[in-house]
Amino acid sequence: MSQSPATATDPQPTESGTRRALVVLSHHRRDSLTAHIADLSVARLAAGGYEVDLLDLHAEGFDPRMTVADQPDWGHRDKEYSAETEAHMRRLLAADVVVVVFPVYWQSPPAILKGWIDRVWNYGFAYGRSKPRLAGKRVLWIGLAGATADDAIVPGMQAVLEGLLSEGLAYYSGFADSRVRLLPDAEEQPQSLDAEGNLLIGEAISGDARTAHYAAFDATAAGFVDEFLAAQLVDA
C-alpha cells in the first residue's frame, strides 16, 4: 500500500516523531569533492527536518577488515558482534534514511566502504531473518565518477552499481527504496576513452567555467537528495 509523498520539508516521522538520517562518507581526504558532496547532503537533509548523523569512515578510523569477532557463532542470528560493529549497527538502526557518498573506483565503491558493508550489514542483522531489522528504511547511494557524462562507460557503471548496491545489498536487507545516482565529470580535467581504449585527458577547466561547472555539479547532487526525500514511500 502506497503512502503519501514526502517532500524535503515534510519527511516521514519515526514512531518517536524524530526524523533521523545517516550520511556515510567514504573518502580519505576531508577536503575532497566527495566530502563536499557529503556535507551538501547533510545540509539538504537538515533543511528537510532530519537530525543527521555524519559517519566519516576514514576520520573515525573504521577498520574494513573482517574479524572473527564480527562473525561469532555464524548460525546464531542473535549473537553478539564486536563492539565496533555493534556501534555501527546502532547508528544504522537509528536512521530512517541513509545517504552514502563515495568515489567510484574501478566501477565499484572504495574498499573501506565495502568493508563497512561486509562487517556491519552482517548475518542476523541486515539479512538472515524473515523480516530484516533494516526493513522499511530507504537508502540513496551517490557515486562520484571521473568519467565525462557522455562517456560510453557511464551506463555500464550505473548498471554495475545498481546490481551491487540496490539488487545485491539493499534488496536482501529489506530496504523499501534504494537509489543509485552517479555524478560524472568530477575531475577538473575531463577524462574519456577513445575507440581504441586510450585514455584521453582534456585541459583543466578554470575561472568562470570552473565555477559554473561545480555550481551545476552541486545543483545536481542537491537535486538527487531532494528527489530522494520527495519520493513516494511504499510499505516494506
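## Cores, pocket and enclosed helix of a predicted model

The largest nonpolar core comprises 35 residues, and those with the most contacts inside it are Val 24, Leu 92, Val 98, Trp 116, Trp 121 and Trp 141. A nonpolar core is here a set of buried Ala, Val, Leu, Ile, Met, Phe, Trp, Tyr and Cys residues joined through side-chain atoms within 4.5 Å. Two or more residues of this core come from each of strand 1 (20–25), helix 2 (83–94), strand 3 (97–103), helix 3 (111–120), strand 4 (138–144), helix 4 (153–170) and strand 5 (177–183). Helix 4 provides the largest share, six residues. Apart from this core lies another, of 25 residues, among them Val 101, Leu 140, Leu 144 and Ala 186.

The model is predicted: local features need pLDDT of at least 70, side-chain atom pairs count only at pLDDT 80 or more, and totals for chains, interfaces and linings use all residues. Residues are numbered from 1 along each chain as its sequence is written, and side-chain values use heavy atoms, with hydrogens and water left out.

The protein has five helices and seven strands, arranged along the sequence as β-α-β-α-β-α-β-α-β-β-β-α. Helices (H or I, at least four residues) and strands (E, at least two) are DSSP runs, numbered from the N terminus. Of the 236 residues, 42% count as buried; buried means under 20% relative accessible area, exposed over 50%, and partly exposed in between (1.4 Å probe, protein chains only). Among contacts between residues at least 6 apart in sequence, 78% join residues at least 24 apart, where contact means heavy atoms within 4.5 Å.

Trp 121 is one of the residues with the most contacts inside the largest core. Leaving aside neighbours within four places in sequence, Trp 121 is in contact with Leu 92, Trp 116, Ala 126, Tyr 127, Leu 134, Trp 141, Leu 169, Ser 173 and Phe 175.

Helix 3 is largely enclosed by the rest of the structure, because seven of its ten residues are buried. The buried residues are Ile 112, Leu 113, Gly 115, Trp 116, Ile 117, Arg 119 and Val 120. Their cover includes strand 1, strand 2 (51–56), helix 2, strand 3, strand 4 and helix 4.

The largest pocket holds about 660 Å³ of space. A pocket is an open set of points on a 1 Å grid over the protein atoms alone, where a 1.4 Å probe fits, with protein on both sides within 12 Å along at least five of seven lines; lining residues have an atom within 4 Å of a point. Of its 25 lining residues, the closest to the centre are Val 104, Ala 145, Gly 146, Glu 187 and Gln 191. Helix 1 (33–47), helix 4, strand 6 (191–193) and helix 5 (207–230) each supply at least two lining residues, and strand 6 gives the most, with three. The lining divides into 14 nonpolar, seven polar and four charged residues.

Two residues that are not glycines have a positive phi. They are set out below.

| Residue | Phi | Place | Relative accessibility |
|---|---|---|---|
| Trp 106 | about 50° | loop between strand 3 and helix 3 | 86%, exposed |
| Asp 185 | about 65° | loop between strand 5 and strand 6 | 23%, partly exposed |

Technical notes: Grid points are joined across faces, edges and corners, and a volume is the space filled by probe spheres set on the points. Ala, Val, Leu, Ile, Met, Phe, Trp, Tyr, Cys and Pro count as nonpolar, Asp, Glu, Lys and Arg as charged, and the others, Gly among them, as polar.
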